[in-house]
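Please take a walk through this structure, one region at a time. Keep the sequence at hand as you go.

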Amino acid sequence: QLSKSLHGQYYELTIAHDQGNGVIWLAGHSALLTLRKSTGEIENMKTSAANEFGIYFDIINNLMEDREGNIWLATDKGLYRFNPSEQRFRTIVNRRPGKDSVYTPDVTDILQITNGDIVVSTWGSGLFTYDSTFRPVERWYANRSGRFDQAGTWCIHQRSNGDIWTGEQAGSIVVAHAANHSF
């Protein structure tokens, strides 16, 4: 179960901390994971995305929780403190349905459309579609998004008639017509 949840990726886990709220933190070399005891769901909290809220490390040497519920991480790249009950974050990596490959181009826009799907545009890999729980799903309007004319998508908009418009790198607009599933 653990290997399947981690998509066959290798981690050296040297630290386990039971937070007491149903979450177990696992850490070590290139790993910061949470395990939800109720569902068995494992989430990789490490991200390579550069932003001001990122946690950067190769190795976590120590993880502890203080009396206020803050998690402290002693890493090879610095000391980090955050409060998971106050600061909700989750790292979602772009994947295609049924595939384990991770796509790493820059995310340029995100939109939840009227049917509840979450559409993510990227600069270089087109559109990714997810259900409302961020599970990758196959959708007709995203199937052609890897083609040249829609690989560098900058923005997404859904009109009231259901059509999905995307603004592209080349200065064009691609319209996915909801009524007849055509472009």
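A polar contact is a pair of N or O atoms within 3.5 Å; within protein, one of the two must be able to donate a hydrogen and the other to accept it. Keep that cut-off in mind for Trp-154, whose side chain makes a polar contact with the side chain of Gln-169 at 2.5 Å. The model is predicted.

Stay with Trp-154. This residue lies in strand S11. Is Trp-154 buried, exposed or partly exposed? Buried means under 20% relative accessible area and exposed means over 50%. Trp-154 has a relative accessibility of 43%, so it counts as partly exposed. Which residues does Trp-154 touch, leaving out those up to four places away in sequence? They are Thr-108, Asp-109, Ser-121, Trp-123, Gly-167, Glu-168 and Gln-169. Trp-123 is 31 residues away along the chain, yet the C-alpha atoms of Trp-154 and Trp-123 are separated by 6.7 Å.

Now look at the sheet that holds S11. Three strands form this open sheet, in the order S11-S12-S13, with antiparallel pairing. Strand S11 (153-158) and strand S13 (173-176) are the edges; each has a single partner strand, so one side of each lacks a neighbour in the sheet. On average, neighbouring strands here are turned by 20° against each other, direction ignored.

Take the pairings in turn. S11 and S12 run antiparallel and are joined by five bridges. One pair to find is Cys-155 with its bridge partner in S12, Gly-167. The two strands form a hairpin with five residues between them. In that turn, Gly-162 has a positive phi of about 95°.

Move on to the other side of S12. Strand S12 (residues 164-168) runs antiparallel to S13, and four bridges join them. Ile-164 stands opposite Ala-176 in S13. Thr-166 stands opposite Val-174 in S13. This pair of strands also makes a hairpin, with four residues between the strands. There, Gly-171 takes a positive phi near 90°.

Why is S12 described as largely enclosed by the rest of the structure? Four of the five residues of S12 are buried, so the strand is largely enclosed. In a regular strand, side chains alternate between the two faces of the sheet.

Next comes another open sheet. Its three strands follow the order S8-S9-S10, and the pairing is antiparallel. Strand S8 (107-112) and strand S10 (127-130) are the edge strands, each pairing on one side only. Neighbouring strands in this sheet are turned by 15° against each other on average, direction ignored. S8 and strand S9 (residues 118-122) run antiparallel, joined by five bridges. Asp-109 stands opposite Ser-121 in S9. Both residues have come up already: Trp-154 touches Asp-109 and Ser-121.

Turn now to the nonpolar cores. The largest has 14 residues. Which of them touch the most other members? Trp-25, Leu-32, Ile-55, Ile-60, Leu-63 and Leu-73 do. Strand S2 (23-29), strand S5 (60-65), strand S6 (71-75) and strand S7 (78-82) are the elements that give two or more residues to this core. S2 provides the largest share, three residues.

Ile-60 shows how the surroundings look from one member. Leaving out residues up to four places away in sequence, Ile-60 touches Thr-14, Ile-15, Ala-27, Gly-28, Ala-31, Leu-32, Leu-73, Ala-74 and Thr-75. There is also a second, separate core of eight residues, including Val-119, Ala-142, Ile-156 and Ile-164.

Finish with two loop residues. Gln-19 sits in the loop between strand S1 (12-18) and S2. Its relative accessible area is 14%, so Gln-19 is buried. The side chain of Gln-19 makes a polar contact with the side chain of Trp-25 at 2.8 Å. Beyond its neighbours within four places in sequence, Gln-19 is in contact with Trp-25, Glu-65, Gly-69, Ile-71 and Pro-84.

Pro-84 is the other loop residue, found between S7 and S8. At 18% relative accessible area, Pro-84 is buried too. Setting aside residues up to four places away, Pro-84 touches Gln-19, Trp-25, Gly-69 and Ile-71. The C-alpha atoms of Pro-84 and Asn-70 are separated by 7.1 Å, with the two residues 14 apart along the chain.

How values were computed
Residues numbered from 1 in each chain as written. Predicted model: local features only at pLDDT ≥ 70, side-chain atom pairs only at ≥ 80, totals over all residues. Heavy atoms only, no water. Core = buried A, V, L, I, M, F, W, Y, C linked by side-chain atoms within 4.5 Å. Buried < 20%, exposed > 50% of the residue type's maximum accessible area, 1.4 Å probe, protein only. Contact = heavy atoms within 4.5 Å. Pairing = 2+ DSSP bridges. Axes fitted to C-alpha atoms, helices over the stretch in contact; angles between N-to-C directions.
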